[in-house]
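Trainee: Hi, do you have a few minutes to go through this model with me? I'd like to take it piece by piece.

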Amino acid sequence: MSARDRIRETNPAFYERYSMLEDTDEFWEFIIRPLRQSIRVNTLKAPLKVVVERLKEEFELEPIPWVKEGFFINVDNLAKVPEHSLGLIFGQEASSMIPPVVLEPKPGELVLDMAAAPGSKTGQIAQYMENEGCIIANDPKLSRANVLIANLNRMGVLNIRVTTKDGAYFGRFENTFDRILLDAPCSSVGMIRKKWKFLESWRLRGVIKYMKVQKRLILAAYRALKPGGTLVYSTCTIDPLENEEVVDYLLRKTDARLEPIDLPVKTSEPVLEWEGRAYSAELKKALRIHPNDNDTEAFFIAKIVKPEGGA
């Protein structure tokens with residue numbers, strides 16, 4: 001049975017909806033093909049070159065073009081790799097390394113990671129900040145916050161405060177953060193490559209529920225951002241309601257602007273019209289990544305800036 005037929009049989013509504021985005025055999029095949037294992041080398045604990053040379057003694061590494069610390073690696077179980085237990089490397093999906101790269105955090109800044117667990121992107125941000133400055137890493141669920149803390153401890157992250165607030169809480173800290181990552185909770189279409197259950201459980205009502213949460217969070221994040229600051233909005237899903245719709249909502253409600261993202265990554269065209277709604281042409285600057293573009297998870301990334309003297 002083809003991938004297309006398996007998806008259509010498992011969840012007809014899913015198939016019908018996303019065939020409007022892209023309807024190639026390749027698209028459907030990559031939506032369900034198992035993910036390649038990828039890692040990020042943690043330079044907080046050891047120099048990149050040293051770790052890479054050590055790993056190459058045992059494994060094949062393929063550099064990930066858009067992040068110099070990222071590699072595809074031929075290993076089934078990272079738990080068997082001592083460097084993983086030591087926090088020298090961290091298992092992280094290749095496209096999920098893009099948002100921290102786009103965020104460009106600098107040592108000494110005040111950064112908010114609004115939905116941080118399990119912490120792979122938080123650790124990457126700390127790495128770029130060289131453990132200097134401060135990251136507020138937030139996740140509203142205590143159980144997820146505990147996983148976050150364990151992962152950050154293993155990575156040797158020191159410049160961190162973990163909080164368990166609803167992300168919208170941070171809207172009260174107006175014009176405070178130099179940079180904010182909102183890697184928003186979403187319907188996780190990109191995660192089908194990890195777990196089939198994400199396809200079985202997908203419902204349009206879930207997409208709409210997430211969209212409402214995302215709109216609330218992105219407004220709070222923008223409010224908390226300093227004028228001149230950068231907000232990166234990302235999801236691991238392909239639905240325009242959770243991606244272009246949410247960013248378009250922010251653009252209409254505020255003075256936010258988008259900046260283009262220049263990375264060596266293949267992308268699909270951002271959606272500028274969906275279900276009769278037209279979105280701002282600014283969204284051409286966002287990255288929409290389908291699984292078949294780079295053989296990764298699906299991802300959406302928008303780089304948002306607050307003008308100096310902004311709201």
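Trainee: Let's start with helix α3, residues 25-32. Which of its residues are buried?

Mentor: Happy to help, and keep in mind that this is a predicted model. In helix α3 the buried residues are Phe 27, Trp 28, Phe 30, Ile 31 and Ile 32.

Trainee: And what do those buried residues of α3 pack against?

Mentor: They pack against α1 (3-10), α2 (12-18) and α12 (291-294).

Trainee: Switching to the record: where does UniProt place the domain feature?

Mentor: The unreviewed UniProt entry puts "domain: SAM-dependent MTase RsmB/NOP-type" at residues 27-307. In the model, that span is 31% helix and 22% strand, and its end C-alpha atoms lie 38 Å apart.

Trainee: Now the largest pocket. How much space lies in there?

Mentor: About 1200 Å³. It is lined by 49 residues, and the closest to its centre are Ala 117, Arg 144, Pro 185, Ser 188 and Met 191.

Trainee: Which element gives the most to that lining?

Mentor: That's α10, with seven residues. Helix α10 covers 204-224, and at least two lining residues each also come from β4 (89-91), α7 (120-128) and α8 (142-155).

Trainee: How does the lining split by class?

Mentor: There are 20 nonpolar, 15 polar and 14 charged residues in the lining.

Trainee: Back to UniProt for a second. Which residues does the "binding site" annotation cover?

Mentor: In the unreviewed entry, the annotation covers Ala 115, Ala 116, Ala 117, Pro 118, Gly 119, Ser 120, Lys 121, Asp 139, Asp 166 and Asp 183. From this set, the lining of the largest pocket takes in Ala 115, Ala 116, Ala 117, Pro 118, Gly 119, Ser 120, Lys 121, Asp 139, Asp 166 and Asp 183.

Trainee: You mentioned Ala 117. Where is it found?

Mentor: Ala 117 sits in the loop between β5 (110-113) and α7. Beyond its neighbours within four places in sequence, Ala 117 is in contact with Asn 138, Asp 139, Arg 144 and Leu 148.

Trainee: Why does Ala 117 count as buried?

Mentor: Because its relative accessibility is 9%, and buried means under 20%.

Trainee: What about Asp 183, buried or exposed?

Mentor: Asp 183 is buried, at a relative accessible area of 16%. Asp 183 belongs to strand β8, residues 177-183.

Trainee: What does Asp 183 touch?

Mentor: Not counting residues up to four places away in sequence, Asp 183 touches Ala 115, Lys 121, Ser 234, Thr 235 and Phe 299. With Lys 121 there is also a side-chain polar contact of 2.9 Å.

Trainee: Okay, over to α10. How does Tyr 210 in that helix count by relative accessibility?

Mentor: Tyr 210 counts as partly exposed, at 25%. Leaving aside neighbours within four places in sequence, Tyr 210 is in contact with Pro 185, Cys 186, Ser 187 and Glu 242. One of these, Pro 185, is also among the lining residues closest to the pocket centre.

Trainee: How far apart in space are Tyr 210 and Glu 275?

Mentor: They are 18 Å apart, C-alpha to C-alpha, and 65 residues apart in sequence.

Trainee: Last one: which strand is Thr 230 found in, and which residues does Thr 230 touch?

Mentor: Thr 230 is in β9, residues 225-235. Thr 230 is buried at 7% relative accessibility. Not counting residues up to four places away in sequence, Thr 230 touches Leu 103, Asp 178, Arg 179, Ile 180, Leu 225, Lys 303, Ile 304 and Val 305.

Notes: Residues are numbered from 1 along each chain as its sequence is written. This is a predicted model: local features need pLDDT of at least 70, side-chain atom pairs count only at pLDDT 80 or more; totals for chains, interfaces and linings use all residues. Side-chain values use heavy atoms; hydrogens and water are left out. On a 1 Å grid over the protein atoms alone, a cavity is a set of points where a 1.4 Å probe fits but cannot get out, and a pocket is an open set with protein on both sides within 12 Å along at least five of seven lines; lining residues have an atom within 4 Å of a point. Grid points are joined across faces, edges and corners, and a volume is the space filled by probe spheres set on the points. Helices (H or I, at least four residues) and strands (E, at least two) are DSSP runs, numbered from the N terminus. Ala, Val, Leu, Ile, Met, Phe, Trp, Tyr, Cys and Pro count as nonpolar, Asp, Glu, Lys and Arg as charged, and the others, Gly among them, as polar. Buried means under 20% relative accessible area, exposed over 50%, partly exposed in between (1.4 Å probe, protein chains only). Contact means heavy atoms within 4.5 Å. UniProt positions are given in the numbering used here, feature names are shortened, and annotations may be inferred rather than shown by experiment. A polar contact is a pair of N or O atoms within 3.5 Å; within protein, one must be able to donate a hydrogen and the other to accept it, and residues adjacent in sequence count only if both atoms are side-chain atoms.
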